[in-house]
Amino acid sequence: MKQTKKERTQKEIIEAAKDIIHDKGHEAVTVRYLAEVTGYSYTNLYYYFKDVNALLWTLRLDMIEDMITELTSISFKNDDPVEEILGAFFCYTDYFFKHPNVFRFFYFYPFVQPEGDDSYQKLGQRFHSMWQTSFIRLIQEGIIQTEDIEVVAKTIIYALQGMIMLSFSSNGATQKEDVKNELIELVNYLFNKNMRNY
């Protein structure tokens, strides 16, 4: 379906804002700076986005799409389902260490969800379905039970996000390899513990 001029301009503004975040962080995304970068007038930007919150909400969704596209282009397949899970989470870790300002934007900016907009929930479902395939193999091989998937997945994801946040907030005292090593210990503990329960 062909984009309208307004949709093309919105995409152009989003791409400019994305570049600003990658280069300078989300704090640098202001209407005035976007106007300067894009060449559109300060007031003209409000024709394309109601306000800065609406722009940043749209930007967030677009950047999640970018992340999903990048991560789904990588094959996590491994003979060992635990190694496959680790491979998937290593790619997630690599992504944010490659794009630290994206992580800060996702987790430090106080987004305001537009009323009636369920786009984020739909993206979240797609994102979580990425992990489901690997977790299903753990069930098939008797490493974990179906009812445990959600709590185990959340434990790993929340711990990983916390470790990445700690790394970014401690001026690099915790390196990417440290995070991966901690992740290996956590995953092995969780799945060995589950195996001992059967």
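How many residues apart are Lys-11 and Glu-15 in helix α1, and what separation in helical turns does this give? Lys-11 and Glu-15 are 4 residues apart in helix α1 (residues 5–24), so about one helical turn separates them. The legends below describe close-up views of a predicted model.

**Figure 1. Salt bridge between Lys-11 and Glu-15 in helix α1.** The closest N and O atoms of Lys-11 and Glu-15 are 3.2 Å apart, and the two residues form a salt bridge. Lys-11 is partly exposed, with a relative accessible area of 34%. Glu-15 is likewise classed as partly exposed, at 30%. Side chains of opposite charge can pair when their charged atoms come close.

**Figure 2. Salt bridge between Asp-62 and Lys-18.** Here the closest N and O atoms are 2.5 Å apart. The pair links distant parts of the chain, with Asp-62 in helix α4 and Lys-18 in helix α1, 44 residues apart. Asp-62 is buried, its relative accessible area being 17%. Lys-18 also counts as buried, at 6% relative accessibility.

**Figure 3. Salt bridge between Glu-70 and Lys-98, and the wider set of charged pairs.** Glu-70 and Lys-98 form a salt bridge in which the closest N and O atoms lie 3.7 Å apart. Glu-70 belongs to helix α4 and Lys-98 to helix α5, so this pair ties together parts that are 28 residues apart in sequence. At 30% relative accessibility Glu-70 is partly exposed, whereas Lys-98 counts as exposed at 56%. Elsewhere, salt bridges that share partners join Lys-11, Glu-15, Lys-18, Asp-62 and Asp-66 into one network. The count of salt bridges comes to 12.

**Figure 4. Surroundings of His-99 in the loop between α5 and α6.** His-99 is found in the loop that follows α5 (81–98) and precedes α6. Is His-99 buried or exposed? With a relative accessible area of 14%, His-99 is buried, because that value falls under the 20% limit for buried residues. When residues up to four places away in sequence are not counted, His-99 touches His-22 and Glu-70. Glu-70 is also the salt-bridge partner of Lys-98.

**Figure 5. The largest nonpolar core and the contacts of Phe-96.** The largest nonpolar core holds 62 residues, of which Leu-34, Phe-96, Phe-105, Phe-135, Ile-156 and Phe-191 touch the most other members. Helix α4 (residues 52–72) gives the most to this core, contributing 10 residues. Leaving aside residues up to four places away in sequence, Phe-96 touches Met-67, Val-102, Phe-103, Phe-106, Tyr-107, Ile-164 and Phe-168.

**Figure 6. Aromatic pairs Tyr-47 with Tyr-48 and Trp-57 with Tyr-120.** The whole structure contains 17 aromatic pairs. In one of them, Tyr-47 and Tyr-48 are arranged edge-to-face, at 4.8 Å centre to centre and with 80 degrees between the planes. Tyr-47 is exposed, with a relative accessible area of 51%, whereas Tyr-48 counts as buried at 8%. The ring centres of Trp-57 and Tyr-120 are 6.0 Å apart and their planes meet at 55 degrees, so this pair is tilted. Trp-57 lies in helix α4 and Tyr-120 in helix α7 (residues 119–140), so the pair ties together parts that are 63 residues apart in sequence. Trp-57 is buried, at 3% relative accessibility, while Tyr-120 is partly exposed at 32%.

**Figure 7. Nonpolar surface patch made by Tyr-107, Phe-108 and Met-165.** The patch formed by Tyr-107, Phe-108 and Met-165 covers about 260 Å². Phe-108 lies in helix α6 (residues 100–108). This residue, Phe-108, has a relative accessible area of 40% and is partly exposed. Tyr-107, another member of the patch, is also among the residues touched by Phe-96.

**Figure 8. Gln-140 of helix α7 and Pro-81.** Gln-140 is found in helix α7 and is exposed, with a relative accessible area of 61%. Which distance separates the C-alpha atoms of Gln-140 and Pro-81? The two C-alpha atoms are separated by 9.6 Å, although Gln-140 and Pro-81 are 59 residues apart along the chain.

Terms used. Residues numbered from 1 in each chain as written. Predicted model: local features only at pLDDT ≥ 70, side-chain atom pairs only at ≥ 80, totals over all residues. Heavy atoms only, no water. Patch = residues over 30% accessible without salt bridge, like charges linked within 9 Å, V, L, I, M, F, W, Y side chains within 5 Å. Areas by Shrake-Rupley, 256 points an atom, 1.4 Å probe, with all protein chains shown as cover. Salt bridge = Lys/Arg side-chain N within 4 Å of Asp/Glu carboxyl O. Helix = DSSP H or I, 4+ residues; strand = E, 2+ residues; numbered from the N terminus. Buried < 20%, exposed > 50% of the residue type's maximum accessible area, 1.4 Å probe, protein only. Core = buried A, V, L, I, M, F, W, Y, C linked by side-chain atoms within 4.5 Å. Contact = heavy atoms within 4.5 Å. Phe/Tyr/Trp six-rings, centres within 6.5 Å; stacked < 30°, edge-to-face > 60°.
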